[in-house]
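Biologist: Before the discussion begins, please place the model in view. I should then like to ask on what grounds its features are named.

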Amino acid sequence: MPVITNIQDLKHIYERRVPRMFFDYAESGSWTEQTFRDNSSDFEDIRLRQRVAVDMTGRTTASQMIGQDVTMPVALAPVGLTGMQHADGEIKAAKAAEAFGVPFTLSTMSINSIEEVAENTTAPFWFQLYTMKDQDYVSRLIQRAKDAKCSALVITLDLQILGQRHKDLKNGLSAPPKLTPRTIANLMTKWTWGIEMLGAKRRNFGNIVGHVDNITDTRSLGTWTAEQFDPSLDWGKVEKLMDQWGGKVILKGILDSEDAKMAAKLGADAIVVSNHGGRQLDGALSSIRVLPEIMDAVGNDIEVHLDSGIRSGQDVLKALALGAKGTFIGRAFVYGLGAMGQKGVTTALEIIQKELDTTMALCGERNVSDLGRHNLLVPKDFGGSWTD
Ligand SMILES: Cc1cc2nc3c(=O)[nH]c(=O)nc-3n(C[C@H](O)[C@H](O)[C@H](O)COP(=O)(O)O)c2cc1C
């Protein structure tokens, strides 16, 4: 096993171990992938201020997200089909998050179901909701998340319709994979993945199959998903969902200060500044680039989180120093999971925490809560000068 020192190392192992179709599914953005690329490269435009001769003992990355204690303000983002990246992937990622002391968010489009994750963990996790046209199904899903004692509902607002990822269409993405000659040839080179997957609790969409009438196979599921996401979702419907849930709510997928103001007005507990990891509106600005404007608009009214493009503790630090109270990682934990299962997710979290802690120290800070604009060198025109 090679020495693993950063998230990219995990990505290399992940790429070797997991069938191409699922690697491509994670490692793609929509259309030209401009936003997907910008998400990471824009972090590099921000530089850090080195401070010296500061007592660096007694440092802590501990903080809170929506009032919940966290070892570091880095939650695992909802990622569909996580259980195809590694057998029982959602259960393993949730266990790693629990042991580390950070929140795990289960996607509506997970492989392991809400109940399976709840049975295999003790810490409450967050549940991410995609809204569907079938209101009864959505109500039942919300009730299932309540029964599983989920401690927050994360409502995703930026995927009423799906942004196109070319590779998913070309690969015929499905769960479990359809056995075409090309898929079989690729699977034969991923035998560890295959053997582990044979022992998995589940290989289809656990929150859907068996919970929706007439869904028995993945072919009808694919059709159902395409037909069922609710394109009419608007702020009125969001408000109703929040009432129905009655607990803590995080609104995910905000990239515009007007939308951030609406979310604050509705009384959500937090927003996630996010472009879905560059998977939806290609050509949109990166999350880190819009964060300062959103902080100016709602920073005093609502807790602000950020995701999209985070690959290191330095990236986390930059988001926190620009005002975010928390961050989410998607691909960074998927690389770890695909590479080494639960242990790989733990490794990803350890890498990010170590980077965050050391970078914080070299910036002359001892506590993540003290990070601020004073730690950064932000290019004058970072937000960009755009005309409407
Ligand atoms: C493979 C993959 C699947 C995803 N599935 C979902 C999902 O089911 N629900 C959701 O709200 N976001 C989903 N996202 C978006 C993530 O929650 C998160 O916003 C994104 O991964 C952050 O960007 P990063 O991967 O660069 O960290 C997905 C992202 C990836 C990479």
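**Ligand contacts and enclosed space**

Modeller: A polar side-chain atom of Tyr 130 lies 2.9 Å from a nitrogen atom of the ligand. The model is predicted, with local features requiring pLDDT of at least 70 and side-chain atom pairs pLDDT 80 or more, while totals for chains, interfaces and linings use all residues. Residues are numbered from 1 along each chain as its sequence is written, and side-chain values use heavy atoms, without hydrogens and water.

Biologist: Why is the pair formed by Tyr 130 and a nitrogen atom of the ligand called a polar contact?

Modeller: A polar contact is a pair of N or O atoms within 3.5 Å. Tyr 130 places a polar side-chain atom 2.9 Å from the ligand nitrogen, so the pair qualifies. Lys 252 likewise has a polar side-chain atom 3.0 Å from a nitrogen atom of the ligand, and Asp 307 has one 2.7 Å from an oxygen atom of the ligand.

Biologist: How much of the ligand does the protein bury?

Modeller: Alone, the ligand exposes 590 Å² (Shrake-Rupley method, 1.4 Å probe), and the protein buries 99% of that.

Biologist: What makes the space lined by Tyr 130, Thr 131, Thr 156, Leu 159, Gln 160, Phe 229 and Leu 233 a cavity?

Modeller: On a 1 Å grid over the protein atoms alone, a cavity is a set of points where a 1.4 Å probe fits but cannot get out; lining residues have an atom within 4 Å of a point. The largest cavity has a volume of about 30 Å³, the space filled by probe spheres set on the points. Its lining divides into 4 nonpolar, 3 polar and no charged residues.

How values were computed: Polar contact = N/O pair within 3.5 Å; in protein donor to acceptor, adjacent residues only side chain to side chain. 1 Å grid on protein atoms, 1.4 Å probe; cavity = no way out; pocket = protein on both sides within 12 Å on 5 of 7 lines; lining within 4 Å. Nonpolar A, V, L, I, M, F, W, Y, C, P; charged D, E, K, R; others polar.
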